[in-house]
Amino acid sequence: MLLAQLPTIACALVATCISAVVAQQDDSKPEIKSIPLRTHSLTSPYLDSDLQSRWWDYGGDTLIRADKYIRLTADRPSQSGWIFSRVPLTATNWQVEVEFSINGQGSLFGDGFAMWVTKQRGQQGDVFGMQDKFEGLGIFFDTYKNNRPGVVFPYVMAMLGDGQKSYDKHHDGKANELAGCSARGMRNANFPTKARITYFAEKSLEVELMYKKEDEWTSCFQVSDVKLPSVTYLGFSGETGELSDNHDIIKVETKNLYSPSGSTGTQQKTNNNRNKNMPVKNKAGKSSSGGGGGGWGWFFLKLVLFGLMLVGAYVGFTLYRAKRRDRF
């Protein structure tokens, strides 16, 4: 009977070990929490009772329809509009989720709109409606292809400006691109299109898009070692040339991201990798390598092996006694 129960006992011990290790690994994942930032968010009706915005300035051809959208450009040639936060974005780690709409009547259209996290604010120019040679981050939703063979448009790309570099407008930013992706279907979508930009200071920048299907996010890109100026403003701008489109901002939700443990995603991963190779002194002053997670994993593994050894020894002893009885 005991032999028949041996596989069950072994499986139970192994399952216990795996569950404990998985639970320990889940606990090592950083818990990221968020705080909404009203000062850098936009929701209908966008304006206060006196038809002004407490937290945002806007200009150029920007038109605000309180029940629907903030229209950076209408579907007319040679338009340029912008909207920028009045106060700096002081969050160290943040996430901006913007719902937008690019739509128009013609089969030829342009040029696109941009999201900005820069030291400059509200300075109109010829880079999607804003001034060139900016300092900070620009994310461009480019709908018109000038001269970039092999790339499908609309195209979403990021550029880090240092205040000196000019945007390579004639080649659609090819010389300036930090990362990017094609987003065919982003224009004239029949459901809300969105972009989600997540930044961990001096660690990582990630852009996700919702344009293929409602409530389905598509990763555009993720890059590491991204550093932005300590004081930046959040803004949006749009531009049309000979070709045109409506470029509308529907909703902006900005959040401050933090971890109760004091670590964020990329930082936690870096610390874990570093700890695996660093010697750690115990209470007796002796050094041992490996983190706490590795110690727990070995503990449960040794526990399972010890249990299996006990079961094996007991079974062997029982068989030995049975053979002796049969002999006599």
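**Exercise 1. Strand β9 and its partners**

Is β9 mostly covered or not, and how many of its eight residues are buried? Then find the strands that pair with β9.

*Solution.*

- Begin with the ground rules. This is a predicted model, where local features need pLDDT of at least 70, side-chain atom pairs count only at pLDDT 80 or more, and totals for chains, interfaces and linings use all residues. Residues are numbered from 1 along each chain as its sequence is written, and side-chain values use heavy atoms, with hydrogens and water left out.
- Fix the terms. Buried means under 20% relative accessible area, exposed means over 50%, and partly exposed lies in between (1.4 Å probe, protein chains only). Strands (E, at least two residues) and helices (H or I, at least four) are DSSP runs, numbered from the N terminus.
- Check the cover. β9 is mostly covered, with seven of its eight residues buried.
- Look for pairing, which requires that DSSP finds at least two bridges between two strands.
- Take β7 (residues 112-118). It runs antiparallel to β9, and seven bridges join the two. In this part of the model, Trp-116 stands opposite Gly-138 of β9.
- Take β10. It pairs with β9 over eight bridges, again in the antiparallel sense. Here Glu-135 has Asp-162 in β10 as its bridge partner.

**Exercise 2. Two loop residues**

Place Thr-143 and Pro-229 in the fold, and list what each one touches.

*Solution.*

- Locate Thr-143. It sits in the loop between β9 (135-142) and β10 (155-162).
- Assess its cover. Thr-143 has a relative accessible area of 5%, so it is buried.
- List its contacts (heavy atoms within 4.5 Å). Beyond neighbours within four places in sequence, Thr-143 meets Ile-102, Phe-109, Gly-110, Asp-111, Gly-112, Phe-153 and Pro-154.
- Locate Pro-229. It belongs to the loop between β14 and β15 (233-239).
- List its contacts. Residues up to four places away in sequence aside, Pro-229 touches Lys-119, Glu-135 and Gly-136.
- Add a distance. The C-alpha atoms of Pro-229 and Ala-201 are 9.7 Å apart, and the two residues are 28 residues apart along the chain.

**Exercise 3. The disulfide**

Which cysteines does the disulfide join? Give its handedness and the strands involved.

*Solution.*

- Count. A disulfide is a pair of cysteine sulfur atoms within 2.5 Å, and the structure holds one.
- Identify the pair. Cys-181 is joined to Cys-220, S to S 2.0 Å.
- Read the torsion. About the S-S bond of Cys-181 and Cys-220 it is about -110°, so the disulfide is left-handed.
- Place both ends. Cys-181 lies in β11 (residues 177-182) and Cys-220 in β14 (residues 218-224), so the pair ties together parts that are 39 residues apart in sequence.
- Check the cover. Cys-181 counts as buried because its relative accessibility is 14%. Cys-220 counts as buried at 10%.

**Exercise 4. The whole chain**

Summarise the fold and say where confidence drops.

*Solution.*

- Count elements. The protein has three helices and 18 strands.
- Take the cover. Of its 328 residues, 40% count as buried.
- Take the contacts. Among those with a separation of 6 or more, 66% come from residues 24 or more positions apart.
- Judge confidence. pLDDT is the predictor's confidence in each residue, from 0 to 100. Its mean for the protein is 83, and 74% of residues reach 70 or more.
- Flag the weak stretches. Residues 13-29 have pLDDT below 50, with 12 contacts in the model beyond near neighbours in sequence. Residues 266-294 also have pLDDT below 50, with 24 such contacts.
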